[in-house]
Every structure is written in structure tokens, then in C-alpha cells.
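Q: I have a structure open and keep meeting words like "buried" and "stacked". Can we go through how such labels are earned?

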Amino acid sequence: MSDQVFERQDFLSAIKNEEFKLAYQPQISLTTGEVVGIEALLRWEHPTKGWVSPADFIPMAEETGAITEITKWVLKESCKQNKQWHDEGLQKAVISVNISPLDFEQNELYEIIMDTLEETGLAAHYLELEITENAVMSDVSNVIYTLKKISKTGVRVAIDDFGKGNSTLVYMRDLPITTVKLDRSFMSDIPYSHKDSTIVKNIIQMCHNLDLQIIAEGVETEEVVTFLALHHCSVAQGFVFSKPMLSNDFEANITHYESKAIEMIYRLEEKVNLRSAQIHDHRFKSLFEQNPDLVCSFSLTGKILSVNPAVAKILGFEQHEVLNKELDVHVHPDDAERTREHFETVVLGGEPDPIDIQLIHKDGGYVPCNVNCFPMRLGERVVGVYSVIKDMTKQKSLEKALIDSEQKYRLITENMSDFLVSVSSEGIIEYASTSNNKLLGYDRSQMEGQLIFNFIAKKDIEHVQEEFKHLFKTKESRYVEARLKDAKGKELWVEAHGNPVLSKDGSISHIIIVSRDITRRKKAELELKQLQRDLKNTLSQQQGMTLKFIKTSRGYVHTLCEGELVRKLGLTPNDVVGQTLYDFVPTIQAKEKEKYYAQAWEGQDASYETELNGIYYIAKLRPIIENGEVIEVIGSCVDITEKKALEEELSHY
């Protein structure tokens, strides 16, 4: 450090006399080559000592207490300049300003920033504050509190010179940072220093995991640019792109420097792509050597950049025999056009479904393969294509054996009395047994390819759809009874068992539904229900009352109550069925009647006279006994109100 000594007044005079200058260095996106940020760097042109390095005067400014005034000036000038560039149509980039640890001690940093943004009109998200590890460690709680308050306004926060120490790692989760700036000391030795390269790669990966932007400072060579791009560093700053420039020079030259950066990024693309493929091979080397699948990478033009050893087993070629060859050379002519279309879709950023093609074996034969391609990206830009190629020879043989086996099973299903369909996950009938023709009058060709719900009676469609959804949710067999429509429009009842068939990934590939005609059974059930309804109507129209009850943990619960007498008592069947005596009869009367209920439940006939709501009636209870046990009691009740009245009248004579 220089032995120059400055007083507070020297700095205040420098501000007043406009001796301080700001130099601006662009920050370049390693994906697009465009300027995405600008760092404002303070310079001092002393009237007698010439240009003074910040390393010499910043410590003195902090010691004398002049640093806050300098920070105010830097913030105001950089924000004003950035707003002017925005208004003039230059690329809208973020301006970065360095903040001293002492700026946090004055407890007015928040107000200074708010006043600056209001005065200059710059939007908060176009300002970024750069703080060092020393700033954080000087007063951790105060720094975190202040930065959180500032970040809520939209102002970005960056940790500068990251990697020199590790004490800030403890506070990474609490600091509201948006950006990490890699210390320039790492840049001089990568990619040649294994230690530095490993540290940089790990910091980049950590930042990606924390969703933070990563900026590398002090980048001076294309080798470093290649390394950073290869490991997905977002942004770089350094002499390889541009030196810091005063505002006039920045305006005059920034378009030129940006064009050079874009040209460099795209020129290095194939180099980055090839290194990415090589690193991928290295990273997964053991997996590649043991994996039976062929894994390779391609340039955007279809040139093979890397390939794993499985190429020898699958296609008979050694690795060196296929490298730098075009993809088309190894594809069967019949599949060439479809393969090109698939490849072009991936180059445009798509991820299409795998395709089945034939690749040419070294001996001249053809190998059936399943090819899955996906894009290699550098940021948002596609820079190549990865492919995983599976040898389908054994599977094709198994498929043929399966087809032969299916033909045997078809003979069985086509001659079974029950009818069977195979339905896709979308509800489309993929297969229908010939027994459907006999039952529904449809040929298989009329059913296959159709939605299964088209054959269900309208009144049952909603119920069947709910069962279908439940089967997919639980992946368990379901049973349903529903009406189908035959070819003549006539309805018939069936009972159907739906059984899911699962794929290897656990999803449902299709459903096997076996159905049986139960129309006669349902007709008998309907007739029985009609008889029950008729009996109920008959009972409800009788002058007396018929009731049934059983014994439960609640007591004697009525299961039937019908007849004209029910309404005379001021009740309805619903008031009685499912209830005990205590639910609709006064307690004293309920206790009196309960002893007759108990007598009947013990297997003895019982009878009693009683009154309820002014109506007198006689009740006779008869137990129904099966296998020596009472299973229910039937009661018949007759209205004797008029008889009671007559007896009362005669008693007066």
C-alpha cells in the first residue's frame, strides 16, 4: 500500500471539485454474450498526485469517516448515469455499486438509497449493492437487518470477492442476497489448477442450488470463459471482454464490446459442447462402461462428439470409428427422414417421445433400436443433443413370442361365455372378444377403437365413470352393475369386474373388463322389490297397524310400521322406523310397553291395551323364531277407541 496520507477534508474537496470519477465495466452473459450488468468503479484524479488507486484511498476514507459522503456520491452518480442510459435506449442493465462496512454503522444506508432512487428515477431492481465478507462480519445482525429492509424495495444484493473466506457461508440462509461474485484470485489459474477449478465448480453448483446468480470477476482469457460456460456460470466480467471505461467511452464503445462478446461466446460454442460431452463421459465413466445402452452426444449439425463403449456391443464399431461422423451414416434409409425430424425437434429445444428406428451394424445388418434424445443447454440456449439408444433386438423377439401367445389366448377369450374387453387408460376399447357379438349384437370392428362409455346406458354413465376414476386412483379391481345398450337399442344388465394392468413404472397401461349378463337376475330382483312395495302399500292402507322390531344395543328398534292407525296416532312410518319406544312414546308408557316387547323377544306371544295421543288400541306381538332363536317380532294393532267410548257410555246405565 502507498504511504500517502489523506485527511477528511481532502475527500470532501475531491467530491466538491469533481476529482472523483466513475469507470464502468460491463458484465457479460455467458449464454447470449449480451451486457446484463455494469459495475461502477471509483477512480480519483488528484490534482497533484495524479490517479490514486482505490486500494490506497478507500481505507483512509473509512478511517477519516468520509466514506459515507463518498458512498452517497457514488450511488447518486451511478444511478443517474444508468437511468440516462436507459432513457437513451441502451441495454437496460443492472448497475452495481460497492458498499463499505462503515456504511452500515451510520444506520442511514436505507434512507440514502431511497433518496437516491427517488431523486434519479431509477427503478430499484436496476440497482445492486456489492458487499464484502468484511461488511457482513463487522456487525452481522445489523447488516442482515439493513439488507433485508433494502431488498424488500427490489434492490439487489451481491456478495463480492466470494471464496476468499468461508465465514459468510454460515449466514447465507439469512442474507437476502441475489448474486454471488467469484473472487478474481481464482481466475488466473483455472482450468489448470485442480484445486481452484474444483472450488469454482462447487461454488457455481451451490449458487445454482440456492437459485443465486453467479458472476466471475477478473476473467482475462478465452480458456477461462470456456471453463465457466462449461460449468454453467451465469455471467463474467473482465478484460477478456472489456476494461473499465469512463461514461463517454462506455457509451461510444459498449456496442462494439458487446458484439465481440457475442461473437466469442458463439465461436467457443463447439469447444464448450465437446468439452461438455467429454466431461460427461468422465463423470459417468463407470456407468457408461457397465451400461448396456449406447449413450452419445451430437453437435447441432448431427456430428457425433462422444460415444460410450456400448457402441461396440450394439453396432460392432469401435469408439474412434464413429466419432466426428454424421448421424445419418448409421441410420437405415427408411428411417432417415423420421430421424432427422426427431433430431431437429430436439435442436429447437423440444423433448419429443422416443422413436424406434433401425441402425446399421458394422457387418451390414440392421439393429432395431429405441432412441431417446434431449437437448444439451448452455443457459437457455441449446448447444447440442444427448441420446440414449437401447438395443431392442431381444425385446422384438419377445414381442413376436407375445403375439403368438396372444393368438392362443384369443382363441380362449373368443369362445368364453362371459364377454371381455381391454380398455386403454383413456377409455378406448383396444380389444373385444367375439362373445360381445352374441350378447350385444356388435362385431369386434364396431367396438374396437370406440369409447367404452358409448355402449353404456345414459342413466348409468356417470356412475360407471366414477368407478373408472376410482380404479385409476386406487389401482385396485372394481365391481359395478350397469345397463348396456345392444345394437338394437335394447338395455341389458351386466355385472362387470375391472382389473388394472400396471406398467413397469407403476402406472396403469390398460384395464381388462370381464362382464356377465345378469338381466334375468335383475328382473327377478325388480319383481321382488315391486312385491315388497305392493305389500307395503297394502299394509299402509289397512285400518290397523303392522309393526316389526328387533333387539339391538340401543334397545328394541322398529324395522317396520305401516297402516292407517299410524296416522291416527299423529305419527308417520319415518317417526317409528329406526327408533325405540322411548323416541316417540312418553317415558312412562314406554316402560310399560317395553315389558311386553321383552316377553315377545323371549319367545312368548304377548298382548296389551294402551293409549297414545287419545287413541286406544290393542297390540298383539308374535315372535319369529329360527333355529330356536328369535330373529324379529311382528306386531298387529287394532284401534279400539270407539269400543272404549261405547263401554264408557254403557257404564253410566
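Q: What makes Tyr 608 buried or exposed?
A: This is a predicted model, and in it Tyr 608 has a relative accessible area of 7%. Buried means under 20%, so with its 7% Tyr 608 counts as buried.

Q: Which aromatic pair does Tyr 608 form, and what is that pair called?
A: Tyr 608 pairs with Tyr 596, and the pair is stacked. The centres are 4.8 Å apart and the planes differ by 20 degrees. Rings pair if their centres lie within 6.5 Å, and planes under 30 degrees apart count as stacked, so both values fit the label.

Q: Where in the chain do Tyr 596 and Tyr 608 sit?
A: Tyr 596 is in helix H23 (residues 587-601), while Tyr 608 is in strand E23 (residues 606-612). They are 12 residues apart, and the pair links distant parts of the chain.

Q: How many aromatic pairs does a search of the whole structure find?
A: The search turns up 17 of them.

Q: Why is the pair of Phe 453 and Phe 468 called edge-to-face?
A: Their ring centres are 5.5 Å apart, and the planes meet at 75 degrees. Planes over 60 degrees apart count as edge-to-face, so 75 degrees earns that name. Phe 453 lies in the loop between helix H18 (444-447) and H19, whereas Phe 468 belongs to helix H19. Both residues are buried.

Q: What does helix H19 lie across?
A: Helix H19 (residues 458-474) lies across strand E16 (419-424), E18, E19 and E20, and runs at about 150 degrees to E18.

Q: What is the order of the strands in the open sheet of 5 strands?
A: The order is E17-E16-E20-E19-E18, with antiparallel pairing.

Q: What makes E17 and E18 edge strands?
A: Strand E17 (429-432) and strand E18 (478-485) each pair on one side only.

Q: How many bridges join strand E19 to strand E20?
A: There are 9 bridges between E19 (residues 491-502) and E20 (residues 508-517). Two strands pair if there are at least two bridges between them, so E19 and E20 pass that test. For instance, Gly 498 has Ile 513 in E20 as its bridge partner.

Q: How do you know that the span of helix H3 agrees with what it should be?
A: At 1.5 Å a residue, the 21 residues of H3 (residues 67-87) should span 30 Å. The end C-alpha atoms are 30 Å apart, so the two values agree. Just after H3, Gly 89 has a positive phi of about 95 degrees.

Notes
Residues numbered from 1 in each chain as written. Predicted model: local features only at pLDDT ≥ 70, side-chain atom pairs only at ≥ 80, totals over all residues. Heavy atoms only, no water. Helix = DSSP H or I, 4+ residues; strand = E, 2+ residues; numbered from the N terminus. Contact = heavy atoms within 4.5 Å. Axes fitted to C-alpha atoms, helices over the stretch in contact; angles between N-to-C directions. Expected span 1.5 Å × (residues − 1). Phe/Tyr/Trp six-rings, centres within 6.5 Å; stacked < 30°, edge-to-face > 60°. Buried < 20%, exposed > 50% of the residue type's maximum accessible area, 1.4 Å probe, protein only.
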